[in-house]
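Biologist: I would like a close look at a single part of this protein, namely its aromatic pairs and the nonpolar interior around them. Please set that part in the context of the whole chain.

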Amino acid sequence: NFTIFAPLSTRVVHTGAKMVKFLKPGKVVILLTGRFAGKKAVIVKHHDDGTSSRPYGHATVVGLSKEPRKVIKRQSLKKQAKRSTLKTFIKTVNYNHIMPTRYTLDVDFKSTVAADVTENATKKVEASKECKKLLEEKFKTGKNRWFFSKLRF
């Protein structure tokens, strides 16, 4: 019982194979580090090759820092309204710190989240409020239930 290894010359070497770009706008990701670790977010803008200020692959994301809670008919309308609110955040994240999921979310954040939003605090707060409105509308439709549920781990 001898094991025969193929010589180096016959081994197949893959060259020129490019990775598929799957971190596109609308893709739902989970943040892995920092204040919002374990929270779900949606990619708004992606920079695969980096920029001059951030020379690594990164993405601008809009996420849920506080998910809407369970609502039942027995609760008062005031309590139902309070429990169905959500809180959002806007952040620029390194690709190493996000985990992609198989889900996508069809919400257009392009108009609300401009390129310079993450640098300016007041613009960031305003954009976050606009994103909150868009996500609340999406939540009220009842679709994309997984995105609006809290991650259990």
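Modeller: The account below begins with the overall fold, turns to the aromatic pairs and the cores, and ends with the charged side chains.

The model is predicted. The protein has two helices and five strands, and from the N terminus on these elements follow the order β-β-β-α-β-β-α. Of its 153 residues, 35% are buried. Among contacts between residues at least 6 apart in sequence, 62% join residues at least 24 apart. The protein exposes about 11,200 Å², of which carbon and sulfur atoms supply 55%.

Within this fold there are four aromatic pairs. In one of them, the ring centres of F36 and F89 are 3.9 Å apart and the ring planes meet at 5 degrees, so the pair is stacked, the limit for that class being under 30 degrees. F36 belongs to the loop between strand 1 (27-31) and strand 2 (40-47), whereas F89 belongs to strand 4 (residues 87-94); the pair therefore ties together parts that are 53 residues apart in sequence. Both F36 and F89 are buried.

Another of the pairs has a contrasting geometry. The rings of F147 and F148 have centres 5.2 Å apart and planes at 85 degrees, and because planes over 60 degrees apart count as edge-to-face, that is the class of this pair. F147 has a relative accessibility of 2% and so counts as buried. F148, with a relative accessible area of 4%, is buried as well. Together with F139, the residues F147 and F148 form one aromatic cluster. A further ring, that of W146, has a charge placed over it: the charged end of K40 sits there, 4.0 Å from the ring centre.

F147 also leads from the aromatic cluster into the nonpolar interior. The largest nonpolar core has 17 residues, and those that touch the most other members are V62, I90, L105, F109, V113, L135 and F147. Strand 2, strand 3 (58-66) and helix 2 (121-141) are the elements that give two or more residues to this core. Helix 2 supplies the largest share, three residues.

L135 shows how this core is joined to its surroundings. When neighbours within four places in sequence are left aside, L135 is in contact with V62, L64, L86, T88, L105, F109, F147 and F148. L135 thus touches both F147 and F148, the two rings of the edge-to-face pair. Its partners also include V62, L105 and F109, which are likewise among the core residues that touch the most other members.

The stacked pair leads to another part of the interior. A second, separate core of twelve residues includes F89, along with L23, L31 and A41. F89 thus belongs to this second core and is also one partner of the stacked pair with F36.

The charged side chains complete the picture. Side chains of opposite charge can pair when their charged atoms come close. A search of the whole structure finds three salt bridges. In one, E67 is paired with K39, and the closest N and O atoms are 3.8 Å apart. E67 lies in the loop between strand 3 and helix 1 and K39 in the loop between strand 1 and strand 2, so this pair ties together parts that are 28 residues apart in sequence. E67 has a relative accessibility of 10% and therefore counts as buried.

Another salt bridge joins K123 and D116, whose closest N and O atoms are 2.7 Å apart. K123 counts as partly exposed at 39% relative accessibility, and D116 is partly exposed too, with a relative accessible area of 37%. The bridge between E130 and K133 has its closest N and O atoms 3.9 Å apart. Both of these residues lie in helix 2, three residues apart, which is about one turn of the helix. E130 counts as partly exposed, at 37% relative accessibility.

A polar residue in the loop between strand 3 and helix 1 (77-83) also deserves mention, namely Q75. Q75 has a relative accessibility of 17% and so counts as buried. Not counting residues up to four places away in sequence, Q75 touches K70, Q80 and R83.

Note on methods
Residues numbered from 1 in each chain as written. Predicted model: local features only at pLDDT ≥ 70, side-chain atom pairs only at ≥ 80, totals over all residues. Heavy atoms only, no water. Phe/Tyr/Trp six-rings, centres within 6.5 Å; stacked < 30°, edge-to-face > 60°. Helix = DSSP H or I, 4+ residues; strand = E, 2+ residues; numbered from the N terminus. Buried < 20%, exposed > 50% of the residue type's maximum accessible area, 1.4 Å probe, protein only. Lys NZ or Arg CZ within 6 Å of the ring centre and 35° of its normal. Core = buried A, V, L, I, M, F, W, Y, C linked by side-chain atoms within 4.5 Å. Contact = heavy atoms within 4.5 Å. Areas by Shrake-Rupley, 256 points an atom, 1.4 Å probe, with all protein chains shown as cover. Salt bridge = Lys/Arg side-chain N within 4 Å of Asp/Glu carboxyl O.
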